[in-house]
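Work through the exercises below with the sequence and the model open. Try each task before reading its solution.

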Amino acid sequence: METKSILANVLKVVLPFVLGGAILWWMYRGEDFSTINRVLTEEMNWTWMLLSFPFGILAQMFRGWRWKQTLDPISKNLIPHSTSHIPLKIRSSVCIHAVFISYAASLIIPRIGEFTRCGILKRYDGCSFSKALGTVVTERAVDSLIVMSYSGIILLLAMSTFGTFFQKTGTSLDRILSGFSITGWLVTAICTVAVLILLHFLLKNFSIYNKVKMTLSGIWEGVLSLRGVQNLPLYLFFSVGIWVMYFLHYYLTFFCFDFTANLGLGCALVSFVVANFAVIVPTPNGAGPWHFAIKTMLILYGVADEQALWFVLIVHTVQTLLVIALGIYAWAALLFTKRLNPKTI
C-alpha cells in the first residue's frame, strides 16, 4: 500500500512535467533556436516587458490583501498561549509572502501552492491550517465566478470579430479544422483528457485534508468567513483587480514585438480568455497548454507561425522567471519575519 501511495505521488509530480514537455517538444520541434537570440537582442522592446512586471506583482499582492480580509474574522477566534501576550493578528506581509511562495511552489508541483501558503500562515501567524484552506476554497469559488463571467462576455462580443476576420480573409471554420494536423488533434485530445484526470484528482484529493489533520468544520468556517468580511467593496475591488492586473501583465507584452503591437485589445482579451482555460491542464505554470492556446489565437489573428512561437516562448519564460524571483524574495523575507506562534483552534 505504501509503495502504491509513493508511486501515485511520484506520478503526480512527474506527469505534469512530461505532459508540458511533450507539448512544448511538439510545438518547437525542428525550430532554429539561434533565431531567438536575434529576436531578444534586436527585435524585442524590453521596455514594455519591464512595464508589465508591476501588474504581475500587483496581481499577487491583491490576492494576498484579499486573502487577509477573509482571514481577519478567523483570527479573532485564535487563542494565544497563556505565556504569550502578543496580540493575534494575521499580517498582510505574511499573506503576501505566502502567496508569492505559493505561485513559485506550484511551478514544481501544480496546485500545491494552496497548501503551501496555508502552511506558511500557520507557521508564522498561527492560523488554523484547515480554516485558512477554507478561505482558499472561497477564493477559488469567487475567482471561478469572475472568470466565467468575463469569459462569457468577451467571447460573446468577439463573435463579430471572428466573423469579420473570416469574411476579410476568406477563411472558413471548415478550412481551419481541415488544416489542423493529426498531431494537433492529438495534443487537443491529450489536453482534454488531462483536464478530466485533473477533475478526478481534485475530487479524490479531498482525502488529503485528513492527512494534514484538517476537519470539515474548519474548512466550512473558512468558507463562511466571507460573511465576516468588513469591507465588501474593497474585497470586490481586489477580486476584480486581480484579473485586471493579470490581463495588463499579459497585454503589455504585445507591445514588445512589432508583429503583435497592432493586434488590438480584442485579440488580447480573447487570447487571454482562451489561455485561462488552457492552464486548467495541470502543467507547471501552464507550460505547454498556454503556449499552444496563445499561439493558435495569434495565428488566427494573422501572426506568422514562427513569430507566434517566439512570442509565447519569450513571454511565458520571462513571466515564469518573475514568479520564481518573487518566490525567492518572499522566502528570504520570511527568514527575517518573527513567528507569533499562537495556539490554533
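**Exercise 1.** Decide whether Asp143 counts as buried or exposed.

*Solution.* Step 1: recall the classes, where buried means under 20% relative accessible area, exposed means over 50%, and partly exposed lies in between, with a 1.4 Å probe and protein chains only. Step 2: Asp143 has a relative accessibility of 4%, so Asp143 counts as buried.

Before going on, note that this is a predicted model, in which local features need pLDDT of at least 70 and side-chain atom pairs count only at pLDDT 80 or more, while totals for chains, interfaces and linings use all residues. Residues are numbered from 1 along each chain as its sequence is written, and side-chain values use heavy atoms, with hydrogens and water left out.

**Exercise 2.** Find the salt-bridge partners of Arg140 among Asp143 and Glu114, and place them along the chain.

*Solution.* Step 1: a salt bridge is a side-chain nitrogen of Lys or Arg within 4 Å of a carboxyl oxygen of Asp or Glu. Step 2: Arg140 and Asp143 form one at 3.9 Å, N to O. These two residues are three apart in helix α6, which means that about one helical turn separates them. Helices here are DSSP runs (H or I, at least four residues), numbered from the N terminus. Step 3: Arg140 also forms a salt bridge with Glu114, at 2.6 Å, N to O. This pair links distant parts of the chain: Arg140 lies in α6 (residues 129–169) and Glu114 in α5, 26 residues apart. Step 4: check accessibility: Arg140 is partly exposed at 34%, whereas Glu114 is buried at 17%. Step 5: widen the view to the network of salt bridges that links Arg63, Arg66, Glu114, Arg117, Glu139, Arg140 and Asp143.

**Exercise 3.** Describe the salt bridge between Arg91 and Asp125.

*Solution.* Step 1: the N to O distance between the two side chains is 2.6 Å. Step 2: Arg91 sits in the loop between α3 (46–75) and α4 (92–105), and Asp125 in helix α5 (residues 113–125), 34 residues away. Step 3: Arg91 is partly exposed at 21% relative accessibility, while Asp125 is buried at 2%. Step 4: the total for the structure is 11 salt bridges.

**Exercise 4.** Which residues does Tyr150 touch, leaving out residues up to four places away in sequence?

*Solution.* Step 1: contact means heavy atoms within 4.5 Å. Step 2: with that cut-off, Tyr150 touches Trp243, Phe272, Val273 and Asn276.
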